[in-house]
Amino acid sequence: MTSADSRSAVPRLVVAAPSSGSGKTTVATGLMAALAGRGFAVSPHKVGPDYIDPGYHALATGRVGRNLDAYLCGPELVGPLFLHGARGCDIAVVEGVMGLYDGAAGEGELASTAQVAKLLRAPVVLVVDASSQSRSVAALVHGFVSWDPEVRIGGVILNKVASDRHEVLLREAVDSVGVPVLGVLRRAAPVDVPSRHLGLVPVAERRGPAVDAVDAMAAQVADGCDLEALVGLARAAGPLPGGFAPWAPEPVPAHHLSRPVEKSPPRVAVAGGAAFTFSYAEHTELLAAAGAEVVTFDPLRDEELPEGTAGLVVGGGFPEVYAAELSANEGLRKSVAELAFSGAPVAAECAGLLYLCRELDGLPMCGVLDASARMSERLTLGYRDAVAVSDSALACAGTRMRGHEFHRTVVEPGAGAAPAWGMRAPERRVEGFVERGVHASYLHTHWAAEPGVARRFVERCRTS
């Protein structure tokens, strides 16, 4: 085996389910933690755009949780991004999204767990909620096994099993399909992972209880699953197809810069802390590769931006939960406004958009945008096909990117005189704000799909 083959032969498996709510997050996170506890270097991954589950994965493994989204990044980047995250690891565990074959609406298998499993040539472990069935589980498993012959279901984990007798009936049924049962989890009190309006509460907001929750998941999986068989299944995956090389953010050659690099790189402040937890790890990696010094700050605690800040990135999260604390931090709000009004590059996504508004639920925010934000009963959720409407610090007008929206808030007006994005699908509309150096929008994007976004932003930080 060549070194490239060895590099791409990372032992791996995908944890999937027939539907949401079957227990795949418990199994995937618990398996990651159980393997890490046995000395494995575990690479954690999540199918789809979700930000919250990777936080629990990171807690379970001690490594950055990374997303694999074939809609946001394109199928061609799934393998390279996987290898980038899995570099130096003994095994990789990929948690699926929704049901195994559910993907982007109206796009066939695109962005489904099944598609990612095929792109990675990874065996699938199907987590089945068996609480209300016995022999019928055979028909369910048979259907998922036979639906797409290119998807290899290597085993089943039966969840919410009521008794020893129930387990016997279920095992007999699954055995008739020819798929091994790799684990049985009894009905138990759910692990204490509280939820709210956008799903699980992020790790950053409940560090101690989150550690306890991950430990409980690990114990459930270690007690109920055959870890040796699961590792054996992962090791049988073989090399990835297509000879993928790991993704890497490419440094910007000096001759591509508008002027020579200064002795000190431009400092880009990135919002973090409990209020701003939604970010893809590749974004800061791309900013650093483009020549920026990336500094994280916490808008709940820091009273001003880091000294020397030349650009600002405020990603997603839950400013609506922390509106009072964010509003009370007048020093930082003033610091952000001064930076934005100076013309410095500012990139704000979703929560960042709300923070830049005049007010959020009646509480003063930064006042960078002449817009107000409020909580809404309506959940806005889904993938978006977008094109940049206005030249900005992030993109030239006409740049096409795919993203997703995920919020229960409304901003009025929804777009400025120079909108950020024109949505091509599923509905045609303009959205967001481009003012001075500010690009603010509800749309979450994955910059690995368009690395020029980070390079353009950092170059603006150098020249603004």
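**Exercise 1. Decide whether helix 3 (residues 52-61) is largely enclosed by the rest of the structure or not.**

Solution. The model is a predicted one.
Step 1. Apply the cut-off: a residue is buried when its relative accessible area is under 20%.
Step 2. List the residues of helix 3 that pass: I52, D53, P54, Y56, H57, A60 and T61.
Step 3. Seven of the ten residues of the helix are therefore buried, so helix 3 is largely enclosed by the rest of the structure.
Step 4. Look just past its end: G62 follows helix 3 and has a positive phi, near 75 degrees.

**Exercise 2. Find what the side chain of K46 is joined to, and state whether K46 is buried or exposed.**

Solution.
Step 1. Locate the residue: K46 belongs to strand 2 (residues 42-47).
Step 2. Check its accessibility: the relative accessible area of K46 is 4%. With the cut-off at under 20%, K46 is buried.
Step 3. Look for side-chain partners: the side chains of K46 and D53 form a polar contact of 3.2 Å. D53 is itself one of the buried residues of helix 3.
Step 4. Look for backbone partners: at 2.7 Å, the K46 side chain reaches the backbone oxygen of G96.
Step 5. Survey the surroundings: beyond neighbours within four places in sequence, the contacts of K46 include P54, H57, R66, N67, L68, E95 and V97.

**Exercise 3. Test whether the length of helix 7 (residues 164-175) agrees or disagrees with its expected span, and work out where its buried residues lie.**

Solution.
Step 1. At 1.5 Å a residue, the twelve residues of helix 7 should span 16 Å. The end C-alpha atoms are 16 Å apart, which agrees.
Step 2. Collect the buried residues of helix 7: H166, E167, L170, A173 and V174.
Step 3. These residues cover an arc of only 130 degrees around the axis, so they sit on the same side of helix 7.
Step 4. On the other side, D164, R165, E172 and D175 are exposed.
Step 5. Identify the packing partners: the buried residues of helix 7 pack against helix 6 (136-147), strand 6 (153-161) and strand 7 (181-186).

**Exercise 4. Judge how compact the chain is for a protein of its length.**

Solution.
Step 1. Count the elements: there are 14 helices and 22 strands in the chain.
Step 2. Compare radii: the radius of gyration is 23 Å, close to the 23 Å given by the globule rule for 464 residues, so the chain is as compact as a globular protein of that length.
Step 3. Add the burial: 56% of the 464 residues count as buried.
Step 4. Add the contacts: among those with a separation of 6 or more, 76% are between residues 24 or more positions apart.

Key. Residues are numbered from 1 along each chain as its sequence is written. This is a predicted model: local features need pLDDT of at least 70, side-chain atom pairs count only at pLDDT 80 or more; totals for chains, interfaces and linings use all residues. Side-chain values use heavy atoms; hydrogens and water are left out. Helices (H or I, at least four residues) and strands (E, at least two) are DSSP runs, numbered from the N terminus. The expected span of a helix is 1.5 Å times one less than its number of residues. Buried means under 20% relative accessible area, exposed over 50%, partly exposed in between (1.4 Å probe, protein chains only). The arc is that of the directions from the helix axis to the C-beta atoms. Contact means heavy atoms within 4.5 Å. The radius of gyration is taken over C-alpha atoms; the globule rule is 2.2 Å times the number of residues to the power 0.38. A polar contact is a pair of N or O atoms within 3.5 Å; within protein, one must be able to donate a hydrogen and the other to accept it, and residues adjacent in sequence count only if both atoms are side-chain atoms.
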